[in-house]
Amino acid sequence: MSSSDQPAAPFAGRLNAIYTGSMLTNMLDLGYRTGLLEAAGQGPATSAELAERAGLNERYVREWLGAMATGGIFTFEPESRRYTLPEDHAAALTGDDAANLAPFSRILNHFVKHLAKLETCFRDGGGVPYEDYWPEFTEFASDVWRRVFDQHLIDGFLGVVPGLGARLEQGLDVLDIGCGDGHAVNVMARAYPASRFAGYDFSDAAIAGARAEAEAMALANARFEKVDVTTLAPEPRFDLITAFDSIHDQFEPETVLAGIRSALRPEGMFLMIDFKFSSDVGHNIGNPFAPLAYGISVMHCMTVSLAGGGPGLGTVWGLETAQRMLAEAGFADVTVIDSPRPQNCIYLCRP
Ligand SMILES: C[S@@+](CC[C@H](N)C(=O)[O-])C[C@H]1O[C@@H](n2cnc3c(N)ncnc32)[C@H](O)[C@@H]1O
């Protein structure tokens, strides 16, 4: 080995870990889709026992368990040939709440479908349009976010704003911008029956899903409209406008923010839940969420905006840019509050 090989060796090891992580993401996605993770959460099993429990082919299950055990996700007991998903790993990979991170693997794998188009964008500019991501992206993203809304929306995101819960109990007009398949709106409408909720999105499939869920939940105070929020009208006005992860990928974010400001009543407020990063990459070095966020930006948030001729703010547009743009849109008072999820923050904006 020449001396010039020395620094490369540790990095080659790190690359192996990076590629292993990518492959284990595929395996977790398969485990989530097939129900293997939930089945494994029931207790130790041989490959045959687990295959039977999940109703799957033993040969595939055994190979998958090989990746899980050597990847440190399961433990393996050579005597009994049993594989175990440890309790703390099961807490992060099974169940219906936001602690289950397995659904996130589906989003990451869905992005890979667009690599060839992104390669073209790297050469020629432009972007991959929203329509190319529908309907899977809406479904997979909702699978992650609906758990977050179930667990954190009422107490975590709304509850940290002084007095807001009491006002919602009395009755407010609320609009959610880029509502996706509407789960946030429906959860709020169920919690605050005296308030009236609207959700706007420009995806037909998302609006259809939102309406179906509102009907299934028998909510009389939630309505959903197909609206391009760049054309938000100043009437009707709202007491509260929310945006969950839906500003930084806009084609015309300045227009949308100004429209939100105009559609608020004088005592109204805009609550924007977004990602908590600096706008300066130098300040994001060492942030464990940052590489994933920049990658998600390339593979979705930035490219969908660029596809529509937008600025491509991206997932990591950051606190400084967001605060500047909110001020330029006419919000006189912007407070940034920590969110129950460390990767997000809450912008509390008043006209
Ligand atoms: C990242 S998703 C967030 C969805 C939802 N707020 C959630 O947290 O689950 C962004 C949403 O904004 C919608 N969207 C983006 N630009 C829009 C526009 N100009 N008008 C209406 N909806 C838009 C997309 O269709 C998508 O559903």
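**Close-up views of charged contacts and one helix position**

**View 1. Four acidic residues make up a negative patch on the surface.** The members are Glu38, Asp96, Asp97 and Asp150. Keep in mind here, and in every view below, that this is a predicted model. Glu38 sits in helix α2, which runs over residues 36-40. With a relative accessibility of 38%, Glu38 falls into the partly exposed class, because that class covers values between 20% and 50%.

**View 2. Arg82 and Glu49 pair up in a salt bridge.** Their closest N and O atoms are 2.6 Å apart. This one links distant parts of the chain: Arg82 belongs to strand β2 (residues 82-84), Glu49 belongs to helix α3 (residues 47-54), and the two are 33 residues apart. Arg82 is partly exposed, at 30% relative accessible area. Glu49 is partly exposed too, at 31%.

**View 3. Lys117 reaches Asp132 through a salt bridge.** Here the closest N and O atoms lie 3.2 Å apart. Lys117 comes from helix α7 (residues 115-124) and Asp132 from helix α8 (residues 130-133), so the contact ties together parts that are 15 residues apart in sequence. As for cover, Lys117 is partly exposed with a relative accessible area of 34%, and Asp132 is partly exposed with 28%.

**View 4. Arg324 and Glu328 form a salt bridge within helix α16.** The side chains meet at 3.3 Å, N to O. Helix α16 spans residues 318-328, and because the partners are four residues apart in it, about one helical turn separates them. Arg324 is partly exposed, with 43% relative accessible area. Glu328, at 55% relative accessibility, counts as exposed, since the cut-off for that label is over 50%.

**View 5. Salt bridges join four residues into a network.** The linked residues are Asp173, Arg196, Asp239 and Arg265. For the wider picture, the structure holds 19 salt bridges.

**View 6. Ala212 and Gly182 are apart in sequence, with a C-alpha to C-alpha distance of 9.5 Å.** Along the chain, 30 residues separate Ala212 from Gly182. Ala212 has its place in helix α12, residues 204-216. Its relative accessibility is 44%, so Ala212 counts as partly exposed.

Key
Residues numbered from 1 in each chain as written. Predicted model: local features only at pLDDT ≥ 70, side-chain atom pairs only at ≥ 80, totals over all residues. Heavy atoms only, no water. Patch = residues over 30% accessible without salt bridge, like charges linked within 9 Å, V, L, I, M, F, W, Y side chains within 5 Å. Areas by Shrake-Rupley, 256 points an atom, 1.4 Å probe, with all protein chains shown as cover. Lys, Arg positive; Asp, Glu negative; His and termini not counted. Charge placed at Lys NZ, Arg CZ, Asp CG, Glu CD. Buried < 20%, exposed > 50% of the residue type's maximum accessible area, 1.4 Å probe, protein only.
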